[in-house]
Each structure stands twice: as C-alpha cells, then as structure tokens.
Amino acid sequence: MKTVLITGANRSIGLETAKQLSEKGLFVYLGTRDLAKGEEVVKELNAKGFQNIQAIQIDVTDAESVLAAKNIIEKEKGKLDILINNAGILGDIPQNPSTTSIEDIQQVFNTNFFGAITVTQTFIELLKKSDSPRISNITSGLGSLTLHSDPTWKYYAIKAISYVSSKTALNAFTVTLAHELKDLAFKVNSIDPGYTATDFNHHSGPGSVESAASFIIKHTLVDENGPTGKFFSNDIEDESEESPW
C-alpha cells in the first residue's frame, strides 16, 4: 500500500483528494493544522467506510511541526511515496501591487511558497526510500506569467499580487526541483485543479471538488514513463492539459 501525505487536507479539494486516493487503496495522511479538527473529519470518514486515512498535525509555516510529522510517518511507515503540497491561502483582497503591504505578501508566501519548500525538504529523504516517489505542487493558473500577459485570457483581470506571485514562485520551485531529481525515479509537477467552488473563493468557481481532486490524482499517479517538471491545469481545454509557464 502506497503512502501519501496531503497538506491542508481537512476540507475542500485536499479532503476530496484524500477520499479519492483512499478509495484507490492508498494510505493517506490527512495533514491539518488543528489535529482535533482533523481527527473529527477522519471519524466522519470512517463512518462512511474510509478506513485507511489518518489525521496528522502539520503546519507548513512551522518547521518544528513539519519535522514532527515527518518523524511520525518515518516511525509508522518508514517511507513516503507521494507528497501533495496542497496547503495554501489567498490572503486579504484586494491585493493591488502598489498598495499591498510587504507583511501581507510575506504571509501568503510563508504558506504557499516557503511552506511547500519546508515540507518538501523535510520529507525528501523519506521520499527517496520509495520506488516511485511523486511530488505534486498544487498551484493555480494565476501563476502563469504567459497567461497573465494575454489580454484575451478569461482571468486576465485578476492580478492579486500576493497570491499570483506566490504561485509563480511555487512553479519555479517545481521546475528547479524536477531538474535536480531528474536522474532519480521522482516525478515532480505543478498541478492546477482549476477554478473550483470552495470556501477559498466563497464557492464562486465553476468547477467541483470532485473534478479538481480527480485531476490532481490523474497527474500525480503517473507511471515511470510519466512527465516531470510540467504544469498541468484543469482549465486548459486542449488534449495536453498542459499550461504555459
């Protein structure tokens, strides 16, 4: 049974991803900042027949919390097969580039960018013990500078500096990490689940959490011939599902 850690998984897309991976026979560590809330979610899932999901406390902005989670997984499983860096925040809106405070930008980066790096670097040795390690960085189409430069793009007007730049930076982490690990069995990709109706955006997105989770899983559970260092988006309508950087 493969083992997966999903950060920020106690609700919305992260939770649905945990459920779908559990149904596929994976053991899922459901990452949550509040362990009591996470355990309550798992209790509800158990009542619905999900048995291979376990809540684990992890705050991606707290290095000690991340290390403690790593130690638990190492003790219980000895390795990690899949890391899904899903934890993310939007930040306060509006986010005008000329007026948004450095403190607000840093707060978003601490979760969306530095948090993902902290988790990845902490778990990299456990991932190296897997025969087929996978790292999926959950990003956004708003992280694409190419699309942001296209006035015909449907989300062209959304220029929220904190969130947009944090996801662009996360995409850069994907590219550089995939290159570093290219001679190993790793597959490292950025995955945009698309504009999805969640608490994150007051349920304004047109997509469902089921579709978003399915898309993440499709591009995470790739075989040894699968791509690495790519950017896939559920909002890209061509066959490749690949977004420009």
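Trainee: How do you know that strand E5 (residues 134-138) and strand E6 (residues 187-192) pair?

Mentor: Between E5 and E6 there are 5 bridges, and the two strands run parallel. Pairing requires that DSSP find at least two bridges between two strands, so the 5 bridges satisfy the criterion. Ser136 stands opposite Asn189 in E6. The elements themselves are DSSP runs, numbered from the N terminus: strands (E) have at least two residues and helices (H or I) at least four. The model is predicted, so local features need pLDDT of at least 70 and side-chain atom pairs count only at pLDDT 80 or more, whereas totals for chains, interfaces and linings use all residues. Residues are numbered from 1 along each chain as its sequence is written, and side-chain values use heavy atoms, with hydrogens and water left out.

Trainee: What makes E3 (53-57) and E7 the edge strands of the sheet?

Mentor: The open sheet has 7 strands in the order E3-E2-E1-E4-E5-E6-E7, with parallel pairing. Strand E3 and strand E7 each pair on one side only. On average, neighbouring strands of this sheet are turned by 20° against each other, direction ignored; each axis is a line fitted to C-alpha atoms, and angles between N-to-C directions run from 0 to 180 degrees.

Trainee: Which strands does E1 (residues 3-6) pair with?

Mentor: E1 pairs in the parallel sense with E2 (residues 27-32) over 4 bridges, and with E4 over 3 bridges, also in the parallel sense. In E2, Phe27 is the bridge partner of Thr3, while in E4 Leu83 is the bridge partner of Leu5.

Trainee: What is the handedness of the crossover from E1 through H1 to E2?

Mentor: This β-α-β crossover is right-handed: with the strands pointing away from the viewer, the path from E1 over H1 to E2 runs clockwise.

Trainee: Which way do the residues of E1 point?

Mentor: Thr3 and Leu5 point one way, and Val4 and Ile6 the other way. In a regular strand the side chains alternate between the two faces of the sheet. All four of these residues are buried, that is, under 20% relative accessible area with a 1.4 Å probe and protein chains only (exposed is over 50%, partly exposed in between).

Trainee: Why is Glu241 called buried, and Ser12 partly exposed?

Mentor: Glu241 has 17% relative accessibility, which lies under the 20% limit, so it counts as buried. Ser12 has 25%, between 20% and 50%, and is therefore partly exposed. Each has a positive phi in a residue other than glycine: near 60° for Glu241 and near 50° for Ser12. Ser12 lies in helix H1 (residues 12-23), whereas Glu241 is found in the segment after strand E7 (231-233).

Trainee: What makes the enclosed space a cavity?

Mentor: A cavity is a set of points on a 1 Å grid, over the protein atoms alone, where a 1.4 Å probe fits but cannot get out. The search of the whole structure finds 1 cavity of 30 Å³ or more, and the largest cavity has a volume of about 60 Å³, taken as the space filled by probe spheres set on the points. Its lining has 13 residues, with Asn85, Asn86, Ala87, Thr111 and Ala116 nearest the centre; lining residues have an atom within 4 Å of a point. H4 and helix H6 (161-180) are the elements that give two or more residues, and H4 supplies the largest share, 5 residues.

Trainee: Where is Pro94, and what kind of peptide bond joins it to Ile93?

Mentor: Pro94 is found in the loop between strand E4 (82-85) and helix H4 (102-128). The peptide bond joining Ile93 and Pro94 is cis, with omega about 5°.

Notes:
On a 1 Å grid over the protein atoms alone, a cavity is a set of points where a 1.4 Å probe fits but cannot get out, and a pocket is an open set with protein on both sides within 12 Å along at least five of seven lines; lining residues have an atom within 4 Å of a point.
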